[in-house]
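Subject: Handing over a structure, with notes

Dear colleague,

I am passing the structure below on to you, together with some notes on what was found in it. Please keep the sequence and the structure open beside this message while you read.

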Amino acid sequence: MTSHLSATWQDGATIDLSLGPLSRRAALRRLGDFSIVATGGLSLGRAVRAAEATDSTAPAYAPHSSPPGAPQLREFTLTAQEFGWDLMPGTSVRAWGYDGQVPGPELRVREGDRVRVTLRNRLPVPTTIHWHGLNVPPAMDGPAGLNQAPVEPGAEFVYEFTARPAGTRWYHSHADPALQVPLGLYGPLIVEPRVPLRTYDREYTYILQEWDLELTPDVATGGVPRGPGDRTMRGGELGGDLFLLNGHSHGSIPPVRLAEGDRVLIRLINAGHMPHAVHLHGHSFKIVATDGNPVPLGMEWVKDTVLIGPAERYDLEFVGDNPGVWMFHCHMEHHMANGMMTLVIYDGAVPTGPAAAFFDAESGTTVGDAEHSHEGTDSPESESTRPAPTPTTPLATTGAAPAGNAVEVAMVDDRFEPNSIEVTAGTTVTWVNRGQDWHSLAAYDGSFESRKLATGETFSVRFDEPGVYQYICKHHGLQGMMGRVTVA
Ligand SMILES: [Cu+2]
């Protein structure tokens with residue numbers, strides 16, 4: 001399908017979209033690259049980030065490499081600094097974090113290890129680190145003022161302690177924590193037991209956080225006042241704007257991957273200031289640890305939704321006994337609609353609904369997820385598994401057939417209204433966001449793609465060539481936000 005397209009932003013600028021449809025192979029190159037870019041992170045020492053193992057052929061969980069009987073000295077360096085961070089394609093923010101990533105690198109040690117962490121402060125403000133859930137000496141605990149002097153910009157501080165007790169712990173700034181933690185100064189700290197009570201085939205860590213777009217480093221340094229949303233409530237905006245798992249939102253969040261029969265551990269860490277109700281479709285899970293502390297065998301609660309408060313941790317165990325592609329998300333629906341959702345993907349499984357037409361099970365991405373990636377090498381394996389876009393994918397409802405050369409489609413949270421239109425060649429279709437959430441259009445075949453559209457913003461495409469054009473919202477496609485333009 002080739003067509004001439006032009007796109008007009010709300011401000012009147014015209015974008016040349018006559019690039020023609022991306023080949024499936026080119027689209028996959030972009031998708032494949034993005035999955036690397038989106039999940040790339042730095043590791044320190046032997047630290048691993050299990051949730052980043054998006055390649056299903058690689059082990060999702062790299063266990064500690066030292067012999068279990070011998071406590072070791074484990075040395076790490078964490079550099080606190082400001083950097084640009086992509087929450088998702090097209091949404092870059094200025095963050096404060098450790099080693100250039102949000103969350104900071106996963107530190108993984110064994111119970112009884114001696115841990116020495118050098119904090120290098122490259123921030124413009126003083127900072128410290130608190131080791132949440134570890135019972136360390138007071139002077140190593142981190143609260144600025146109470147137990148240590150803040151580490152000044154340009155200075156270093158060495159924390160040293162024995163890693164105990166075992167479990168899912170985490171670390172975060174304890175200087176101006178209401179400003180520094182929401183900007184990204186937190187990370188996972190996994191203390192493996194010397195003798196595991198349970199073992200797993202796959203292990204993932206997901207850290208939850210809300211992102212407040214009005215809380216910027218400039219606000220945190222006092223350079224500019226808080227934004228209007230944050231001024232409505234002393235203590236800051238309670239809602240947040242985007243809802244993150246592992247520093248990302250929507251399709252940028254690495255999914256859980258497993259094979260049938262696998263026993264999977266998911267460590268949830270809430271680094272935000274709101275509770276979240278995390279729900280797994282298709283499975284019940286056991287809560288095998290609370291705040292990192294193991295639940296005795298046979299005493300586990302069996303649930304499908306767990307409410308996790310600020311700073312809490314829950315370790316969830318489930319068995320891969322129901323192959324498919326499943327949602328895994330916060331059940332506070334507007335958190336899910338604004339980013340806090342990922343997938344559980346069994347090897348070889350594809351969605352059973354219309355999403356199969358635009359979802360790539362191998363990369364865990366949908367069309368348009370690769371907005372800011374670059375061309376890379378061919379990935380023929382991916383190509384063979386990608387379902388071809390089909391013009392006959394059924395949609396839930398069919399709208400009227402507007403006449404004329406200009407047609408408007410509304411975006412409401414979270415669907416297109418109407419979601420199917422028929423127009424004559426030469427018609428310009430304008431999508432307008434009448435909802436509260438961000439929406440972004442992408443055609444299945446890559447022939448048109450919008451930037452992120454906030455409330456009231458519009459995106460227009462002129463359709464000159466007859467055909468059927470299917471598209472999704474890049475953020476809500478898996479939740480059914482898809483549409484079709486039939487050009488006669
Ligand atoms: Cu939530």
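The notes below go from the overall picture to the core, the sheets and a single loop residue.

This is a predicted model, in which local features need pLDDT of at least 70 and side-chain atom pairs count only at pLDDT 80 or more, while totals for chains, interfaces and linings use all residues. Residues are numbered from 1 along each chain as its sequence is written.

Confidence and overall make-up

The mean pLDDT (the predictor's confidence in each residue, from 0 to 100) of the protein is 82, and 77% of its residues reach 70 or more. Over residues 1–63 the pLDDT is below 50, although this stretch has 144 contacts in the model beyond near neighbours in sequence; a contact is counted where the C-beta atoms of two residues, placed from the backbone, lie within 7 Å. Residues 371–403 also have pLDDT below 50, and that stretch has 67 contacts in the model beyond near neighbours in sequence.

The secondary structure comes to six helices and 32 strands, where helices (H or I, at least four residues) and strands (E, at least two) are DSSP runs numbered from the N terminus. Of the 488 residues of the protein, 47% count as buried; a residue is buried if 20 or more other C-beta atoms lie within 10 Å of its own, exposed if 12 or fewer, and partly exposed in between, with C-beta atoms placed from the backbone. Among the contacts with a separation of 6 or more, 71% are between residues 24 or more positions apart.

The core

The largest nonpolar core (a set of buried Ala, Val, Leu, Ile, Met, Phe, Trp, Tyr and Cys residues joined through C-beta atoms within 7 Å) has 103 residues, and those with the most contacts inside it include Val 256, Val 429, Tyr 471 and Ile 472. Strand β3 (residues 73–88) gives the most to this core, with six residues. The core lies between domain 1 (24–68 + 82–87 + 97–110 + 179–349) and domain 2 (393–487), because both give residues to it; the domain bounds come from an automatic or database domain assignment. Leaving out residues up to four places away in sequence, Ile 472 touches Phe 358, Thr 366, Val 367, Ala 442, Gly 477, Met 481 and Met 482.

Sheets and strand pairs

Two strands are taken to pair if DSSP finds at least two bridges between them. One open sheet of four strands has the order β27-β32-β31-β29, with mixed pairing, and its edge strands are β27 (420–423) and β29 (441–443), each of which pairs on one side only. Strand β29 is joined to β31 (residues 467–473) by three bridges, and the two run antiparallel, with Ala 443 standing opposite Tyr 471 in β31.

Another open sheet of four strands follows the order β5-β10-β9-β7, again with mixed pairing. Its edges are β5 (107–110) and β7 (130–132), each with a single partner strand, so one side of each is left without a neighbour in the sheet. Four bridges join β5 to β10 (residues 186–192) in a parallel arrangement, where Arg 110 has Glu 192 as its bridge partner.

Strand β28 (residues 427–433) has a covered face, made of Thr 427, Val 429, Trp 431 and Asn 433, and an uncovered one, made of Thr 428, Thr 430 and Val 432. Strand β25 (residues 406–412) pairs with β28 in the parallel sense over six bridges, and Glu 408 stands opposite Thr 430. Six bridges also join β28 to β30 (residues 458–463), this time antiparallel, and Thr 428 has Arg 462 as its bridge partner in β30.

Strand β20 (residues 313–319) is mostly covered, with five of its seven residues buried. Strand β14 (residues 263–270) pairs with β20 in the antiparallel sense over seven bridges, and Val 264 stands opposite Phe 318.

A loop residue

Pro 466 sits in the loop between β30 and β31, and this residue is exposed because 12 other C-beta atoms lie within 10 Å. Leaving aside neighbours within four places in sequence, Pro 466 is in contact with Ala 425, Val 487 and Ala 488. From Pro 466 to Val 487 the C-alpha to C-alpha distance is 4.6 Å, while the two are 21 residues apart in sequence.

With best wishes
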